[in-house]
Amino acid sequence: MPSRRPRRISLAGQLLALQLLVLLGVLAGVLYLSVAQSLRSFEALEGRRTLSAAEALAATPLVRTELPDAIPRGGSALPAALESVRSVSGPTYATLVDENGIVVASSDVTLVGYVAPVAIMQGALNRQWTGTADVAGQHLLLARVPVFGDDGGRVGVAVAAREYPSWGERLAEAAPDAFVALLACTAIGLGGSWLLSRRLKRQTLDMEPGEIAALVEHREALLHGVKEGIVAVDLEGRITVLNDAARAQLGWDGVREGTQLPTHGVSDALLEVVGSREEIADRPLLVGDRLLVANNKAITSHGRRIGSVTTLRDRTDLFELEDRLGTTQTTSDLLRAQTHEFANQLHTIAGLIQLGESQEALRFVEAASTERSIIVDAVTERVADAPLAALIVAKSSAAAERHVRLDLDPEAHLGPVSPELSRDLITVIGNLIDNALDAISGLPDAVVTLDLQDEAGTITVSVSDPGDGPDPALGERIFERGFSTKASDSPGGRGVGLALTRHVCRRRGGDVALEDGEGTTFQAWLPREPAPVRQDSPAPHATRSGAGAAAEPATRELETKQAGGNTR
């Protein structure tokens with residue numbers, strides 16, 4: 001049979017036990033103070049009485065007359081006078097000592113005839129003296145007064161003594177006061193313990209200390225075990241909760257709970273969300289190269305706001321997956337366009353053969369092949385990256401299907417790049433070309449121009465079209481995910497292309513911007529080597545040669561919405 005765990009003492013029981021210990025300490029202190037006070041009272045009161053008794057004995061005429069010639073045990077006059085004074089004044093002992101230091105008469109007969117104890121005769125004998133002395137194993141309170149004869153000369157001393165009370169007598173004397181103090185302290189202690197335990201139970205939601213400790217341990221394990229970042233702040237802007245996931249997502253390894261929100265190197269958008277006094281739902285934040293989705297809610301206690309908590313979900317992988325899905329969709333569209341183009345050409349060739357125009361069919365095939373070769377050669381001569389060159393060739397076919405010509409700038413050039421940079425360039429160029437094609441489809445003699453420059457470790461991409469472009473008043477809103485000037489019935493919506501492009505550029509330390517000038521030109525720049533991006537400053541950028549100064553890179557982080565699609 002399993003052994004039962006011993007029941008823990010409740011908080012009220014612990015407080016009561018503590019109060020009892022305090023009461024015992026108070027009682028001991030009261031007893032000590034009472035005994036000490038009674039001893040001081042005894043010395044003060046009995047010291048005056050004993051001194052009065054010694055003075056009365058020394059002033060007795062019989063003593064002053066008989067003491068100079070007195071012989072120990074030589075008569076009864078002095079013992080009688082001594083006993084009379086002792087019985088009236090109440091000292092325990094009384095003693096007469098002659099000028100030679102011999103005890104002539106004493107209530108302690110064992111001292112008569114002997115030299116007086118040194119403790120009695122210490123100090124100047126011509127003056128009164130009070131003090132304590134140990135005589136014959138007894139602790140006495142003494143008073144000594146000189147006895148002067150009729151001629152004014154000292155003839156001896158009179159000594160009165162009172163024995164100190166025993167400890168039992170002192171405790172018996174202090175017991176009533178100590179008992180009253182014990183009752184009062186017990187009543188106050190028990191009442192205070194009961195009131196304090198009730199207050200603590202209300203404040204701790206009727207939980208015992210062990211339960212509170214277990215709750216805190218579980219809370220810490222839960223906060224630091226979840227994948228989402230959690231940041232809680234109070235009304236003064238102090239961080240009250242910061243779990244491990246939030247430290248990693250925000251780069252706040254040196255930030256500690258209980259400190260103010262950091263401001264150095266932190267974007268205004270992040271501070272706005274974390275320190276907000278209003279609820280925020282699914283607010284995207286670009287922190288370094290990570291895309292976070294933040295939710296902020298108020299923390300209340302008993303109907304009173306005490307702070308806010310922000311949860312942070314890392315959606316970078318999801319965003320990149322969406323980017324890849326968009327690339328796959330683009331590839332499918334390109335293949336469909338090429339299939340449509342080849343089908344038209346095959347139909348033309350088949351028709352020529354049916355008409356018996358074999359020579360015309362052969363010339364048509366040669367012309368189509370030559371045109372395709374010219375396009376491929378023109379792209380591959382300027383672009384050394386095969387996947388990117390293939391994208392540009394495929395985009396030219398898609399543009400032709402929409403009656404738009406895609407031109408590669410004669411001065412464009414791009415050397416070999418890493419596979420990672422190649423994927424980023426495919427995303428950026430593909431989205432910018434699609435954006436331009438959407439904007440000018442239907443215009444007569446529409447041309448989209450693509451320029452690539454590879455200089456000083458930075459690759460600059462420019463895509464231009466003759467369209468009017470977005471309204472300048474929109475500013476940076478065109479780069480927000482979900483924002484679009486065109487309606488869409490597709491499930492994904494619009495507002496994804498430029499948002500994806502900016503995210504990919506900033507992830508590498510670059511950016512994308514809309515240039516001022518005739519028509520519409522979007523310019524993007526991507527460093528060959530990824531560089532860490534500060535949250536509160538724009539990325540460095542390059543200026544395209546021959547295309548005018550690049551627009552200043554946007555400094556606001558990517559604020560994505562829930563809809564998708566192209567912006568324009």
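# Helix H13, two cores and the salt bridges

Right after helix H13 comes Gly 509, which has a positive phi near 100°. Helices (H or I, at least four residues) and strands (E, at least two) are DSSP runs, numbered from the N terminus. The model is predicted, so to speak of local features a pLDDT of at least 70 is needed, side-chain atom pairs count only at pLDDT 80 or more, and totals for chains, interfaces and linings use all residues. Residues are numbered from 1 along each chain as its sequence is written, and side-chain values use heavy atoms, with hydrogens and water left out.

**Helix H13**
- H13 is largely enclosed by the rest of the structure, because 11 of its 11 residues are buried (under 20% relative accessible area; exposed is over 50%, partly exposed in between; 1.4 Å probe, protein chains only).
- Charged residues are among the buried ones here, including Arg 502, Arg 506 and Arg 507.
- Val 504 lies in this helix, residues 497-507, and counts as buried at 1% relative accessibility.
- The C-alpha atom of Val 504 is 7.8 Å from that of Thr 427, 77 residues apart along the chain.

**Nonpolar cores**
- A nonpolar core is a set of buried Ala, Val, Leu, Ile, Met, Phe, Trp, Tyr and Cys residues joined through side-chain atoms within 4.5 Å.
- The largest one holds 41 residues, and Val 383, Leu 388 and Leu 452 are among those with the most contacts inside it.
- Elements giving two or more residues to this core include helix H11 (386-401), helix H12 (419-440), strand E12 (446-455) and H13.
- The biggest contribution, 10 residues, comes from H12.
- Val 383 touches Leu 388, Ala 389, Ile 392, Leu 408, Leu 414 and Leu 452, leaving aside residues up to four places away in sequence; contact means heavy atoms within 4.5 Å.
- A second, separate core has 22 residues, including Ala 70, Val 85, Ala 94 and Ala 160.

**Strand E5 and its partners**
- Strand E5 (residues 154-163) is mostly covered, with 7 of its 10 residues buried.
- On one side of the pairing list, E1 (residues 93-98) joins E5 in the antiparallel sense over 6 bridges; two strands pair if DSSP finds at least two bridges between them.
- Asp 98 has Gly 156 of E5 as its bridge partner.
- E4 (residues 138-148) also runs antiparallel to E5, joined by 9 bridges, and Leu 140 stands opposite Glu 163 in E5.
- The hairpin of E4 and E5 has 5 residues between the strands, and there Gly 152 takes a positive phi near 90°.

**Salt bridges**
- The whole structure contains 14 salt bridges, each a side-chain nitrogen of Lys or Arg within 4 Å of a carboxyl oxygen of Asp or Glu.
- Arg 86 and Glu 83 meet at 2.5 Å, N to O; both lie in helix H3 (residues 77-89), 3 residues apart, about one turn of the helix.
- Asp 434 bridges to Lys 395, with the closest N and O atoms 2.4 Å apart.
- That pair links distant parts of the chain, Asp 434 in H12 and Lys 395 in H11, 39 residues apart, and both residues are buried.
- Arg 528 and Asp 454 form a salt bridge at 2.4 Å, N to O.
- Arg 528 follows E15 and Asp 454 sits in E12, so this pair ties together parts 74 residues apart in sequence.
- Glu 420, Asp 424, Arg 507 and Arg 508 are joined into one network by salt bridges that share partners.
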